[in-house]
Amino acid sequence: MNLLLETAITAALKAGEEILRIYHNPESDFGIEHKADNSPLTVADRKSNEIIIDYLTTTSYPVISEENKAIAFEIRRQWKTVWIIDPLDGTKEFIKRNGEFTVNIALVRNGTPVLGVIYIPVRKTLYYGCENKAFRVEHVVYSPDLDFSKIQEKALCLPVGHPGSSCIVVASRSHMSSETEKFIDELRLQKGKVELTSIGSSIKICLVAEGSADIYPRFAPTMEWDTAAGHAIAKAAGKEIYQMDGITPLAYNKENLLNPWFVVK
């Protein structure tokens with residue numbers, strides 16, 4: 001597992017480096033296109049996807065990516081172990097230049113995420129988790145001779161918790177739904193004091209995993225690549241992503257790659 005984790009971390013950091021090169025280029029118009037669902041796609045998405053797949057093809061496992069999602073289920077159903085990646089999660093935040101976007105890489109076995117890496121390029125913050133251990137590392141960037149022992153030395157074990165007695169709810173920066181607002185109102189009735197934090201991309205799952213937020217409700221469409229890496233990190237930190245019954249975890253490499261509504265806690 002260590003070699004797979006190191007491969008995923010290297011891929012995420014290298015992809016993050018390329019994303020930032022495009023992000024900070026004043027001449028770049030990001031090459032924005034729109035997919036069938038009208039969500040944006042940029043040259044950074046495509047470049048990041050290429051880099052990550054180049055790294056992951058050195059392993060023995062196939063890849064499901066937002067950019068190659070058309071693979072038939074008849075083929076995918078035979079994949080017991082598979083990488084699920086989002087080369088640039090939070091494309092809308094990338095275009096807004098608010099820094100709230102991530103690189104997501106997960107390894108899934110029999111429908112369950114077992115390894116997850118999330119990198120926030122602008123903050124140079126790395127989250128990773130596997131085998132019931134989750135970590136956050138600050139000030140991490142790609143280099144050709146990455147020293148993983150030094151990364152581990154700097155890593156903070158998750159969760160760390162948050163001060164205060166209020167319930168901290170994290171919600172989407174760009175996809176707040178009326179159902180989510182109703183859920184938060186009901187929480188206020190149950191918990192009393194509720195604080196709301198809005199932020200983009202899979203950072204929301206990371207905040208719950210590290211303990212700086214208590215709950216993340218998502219009652220709007222997401223895809224498996226939006227959650228798989230965060231799910232692995234949350235599980236490794238002792239948290240879970242439940243469907244609306246509060247019992248059943250999200251599953252992956254389904255026939256339909258669309259997630260049901262969920263709550264991270």
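Reader: Which residue stands opposite Ser65 in E4?

Author: Ser65 has Ile85 opposite it in E4. The model is predicted, so to speak of a local feature requires pLDDT of at least 70, side-chain atom pairs count only at pLDDT 80 or more, and totals for chains, interfaces and linings use all residues. Residues are numbered from 1 along each chain as its sequence is written, and side-chain values use heavy atoms, with hydrogens and water left out.

Reader: What do names such as E4 stand for, and when do two strands pair?

Author: Helices (H or I, at least four residues) and strands (E, at least two) are DSSP runs, numbered from the N terminus. Two strands pair if DSSP finds at least two bridges between them. In this structure, strand E3 (residues 63-65) is joined to E4 by 3 bridges, and the two run parallel. On E4 there is also a pairing with strand E5 (residues 102-109), antiparallel and over 7 bridges. There, Trp83 has Leu107 in E5 as its bridge partner.

Reader: In what order do the strands of this sheet lie?

Author: The order is E3-E4-E5-E6-E7-E8-E9, an open sheet of 7 strands with mixed pairing. E3 and strand E9 (156-158) are the edges; each has a single partner strand, so one side of each lacks a neighbour in the sheet. From one strand to the next, the twist averages 20°. Such angles run from 0 to 180 degrees between N-to-C directions, with axes as lines fitted to C-alpha atoms, for helices over the stretch in contact.

Reader: Which helix packs on this sheet?

Author: Contact means heavy atoms within 4.5 Å. Helix H8 (residues 224-236) packs on the sheet and touches E3, E4, E5, strand E6 (112-120), E7 and E8. The direction of H8 makes about 100° with that of E6.

Reader: Is E4 mostly covered or mostly open, and how many of its residues are buried?

Author: Buried means under 20% relative accessible area, exposed over 50%, and partly exposed in between (1.4 Å probe, protein chains only). E4 (residues 81-89) is mostly covered, with 9 of its 9 residues buried.

Reader: Where do the side chains of a strand point?

Author: In a regular strand they alternate between the two faces of the sheet. For a single residue, take Thr125, which is found in strand E7. Thr125 counts as buried, at 4% relative accessibility. Apart from neighbours within four places in sequence, Thr125 is in contact with Ile118, Tyr119, Ile120, Arg136, Val137 and Glu138.

Reader: Is Asn132 buried or exposed?

Author: Asn132 counts as exposed, with 67% relative accessibility. Its place is in the loop between E7 and E8. Between the C-alpha atoms of Asn132 and Val114 there are 8.9 Å, while along the chain the two are 18 residues apart.

Reader: How is the sheet with E12, E13 and E14 ordered?

Author: This open sheet of 3 strands has the order E12-E14-E13 and antiparallel pairing. Strand E12 (216-218) and strand E13 (241-243) are at the edges with a single partner strand each, so one side of each has no neighbour in the sheet. Neighbouring strands here are turned by 20° against each other on average, direction ignored. Helix H7 (residues 203-210) packs on the sheet, touching E12, E13 and E14, and makes about 145° in direction with E12. H7 is mostly covered, with 8 of its 8 residues buried. Just after H7, Gly211 has a positive phi of about 95°.

Reader: How many disulfides does the structure hold?

Author: A disulfide is a pair of cysteine sulfur atoms within 2.5 Å. The structure holds 0 disulfides. Cys130 is in none; the nearest cysteine sulfur, that of Cys157, is 12 Å away, which is too far for a bond. Cys130 is buried, at 9% relative accessibility, whereas Cys157 is partly exposed, at 45%.

Reader: What lines the second largest pocket?

Author: On a 1 Å grid over the protein atoms alone, a cavity is a set of points where a 1.4 Å probe fits but cannot get out; a pocket is an open set with protein on both sides within 12 Å along at least five of seven lines, and lining residues have an atom within 4 Å of a point. The second largest pocket is lined by 13 residues, and Asn2, Leu5, Tyr128, Phe135 and Gln152 lie nearest its centre. Helix H1 (2-23), strand E7 (125-130), strand E8 (133-137) and helix H5 (148-154) are the elements that give two or more residues to this lining.
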